[in-house]
Amino acid sequence: MVIKVFVATICGSTAIKKKQQEVLGFLEANKIDFQPLDIAGDEDNRKWMRENVPGEKKPQNGIPLPPQIFNEEQYCGDFESFFSAKEENIIYSFLGLAPPPGTKEAEKLEVTEENEEHTEDNADAEVHDTEAPSEEQEEEKEEHTVTEEQEEEAEEEEEEEEEEEES
């Protein structure tokens, strides 16, 4: 899978240039395969990008600004989304990629998976705990169960013993 980053090689805005450089520099530094696609010099790239950015991600004027990031045909997000994912150490999830071993994101993923396994194990244990008791268990329970009459008798005996001790 190749990450596609739509950029404008000819751009009058320094803010857009810096955002594009930050995205491309980060991907390059982290050895993530990507392909920069120019929307300034290639009308097909510009048209494809505009058509494939989801409506809720388009600005009010309807024209999304670069950089726009895709994983093949799947939209990942714009610069703000990229920046947030980078800050939260979830950039590989943002890009739709598996995090490489040893990264913070991979460690988070391992912890999450371990927690899910423990949750599943606990759920299995609860299922076993809620299974109907065997006949032997029922008989043992009946032998050890004190009836209300037996409790009342024991209380009466204790009261009688206390009265005798007082006199």
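1. How much space lies in the largest pocket? In this predicted model, the volume comes to about 180 Å³. The lining includes Ile16, Lys19, Lys57, Pro59 and Pro64. Leu65, Pro66, Pro67 and Gln68 also belong to the lining, together with Asp78, Phe79 and Glu80. Helix 1 and helix 3 are the elements that give two or more residues to this lining. Sorted by class, the lining holds seven nonpolar residues, four charged ones and one polar one.

2. Helix 3 is a good place to look next. This helix spans residues 79-87, and Phe79, Ser81, Phe82 and Ala85 are its buried positions. Viewed down the helix axis, the buried residues fall within an arc of 160°, so they line one face of helix 3. As background, an α-helix has 3.6 residues a turn, so residues three or four places apart point the same way.

3. What does that buried set of helix 3 pack against? The partners are helix 1 (14-29), strand 3 (68-71), strand 4 (74-78) and helix 4 (91-95). Phe79, one of the buried residues of helix 3, is also listed in the lining of the largest pocket.

4. Both ends of helix 3 deserve a glance. At the N-terminal end, Asp78 acts as the cap, with a side-chain oxygen 3.3 Å from the backbone nitrogen of Glu80. Asp78 and Glu80 are also among the residues that line the largest pocket. After the helix comes Asn89, which has a positive phi, near 55°.

5. Is Lys4 buried or exposed? Lys4 sits in strand 1 (residues 3-7), and its relative accessible area is 15%, under the 20% cut-off, so Lys4 counts as buried. Setting aside neighbours within four places in sequence, Lys4 is in contact with Gln35 and Leu37, with Gln68, Ile69 and Phe70, and with Glu72 and Glu73. Of these partners, Gln68 also appears in the pocket lining.

6. Asn45 makes a nice companion case. This residue belongs to helix 2 (residues 43-52), and it is buried because its relative accessibility is 16%, under the 20% limit. Which backbone atom does the side chain of Asn45 reach? The side chain of Asn45 comes to 3.1 Å from the backbone oxygen of Asp38. With neighbours within four places in sequence left out, the contacts of Asn45 are Phe6, Leu37, Asp38 and Ile39. Leu37 is thus a contact of Asn45 and also of Lys4.

Note on methods:
Residues are numbered from 1 along each chain as its sequence is written. This is a predicted model: local features need pLDDT of at least 70, side-chain atom pairs count only at pLDDT 80 or more; totals for chains, interfaces and linings use all residues. Side-chain values use heavy atoms; hydrogens and water are left out. Buried means under 20% relative accessible area, exposed over 50%, partly exposed in between (1.4 Å probe, protein chains only). Helices (H or I, at least four residues) and strands (E, at least two) are DSSP runs, numbered from the N terminus. The arc is that of the directions from the helix axis to the C-beta atoms. Contact means heavy atoms within 4.5 Å. A polar contact is a pair of N or O atoms within 3.5 Å; within protein, one must be able to donate a hydrogen and the other to accept it, and residues adjacent in sequence count only if both atoms are side-chain atoms. On a 1 Å grid over the protein atoms alone, a cavity is a set of points where a 1.4 Å probe fits but cannot get out, and a pocket is an open set with protein on both sides within 12 Å along at least five of seven lines; lining residues have an atom within 4 Å of a point. Grid points are joined across faces, edges and corners, and a volume is the space filled by probe spheres set on the points. Ala, Val, Leu, Ile, Met, Phe, Trp, Tyr, Cys and Pro count as nonpolar, Asp, Glu, Lys and Arg as charged, and the others, Gly among them, as polar.
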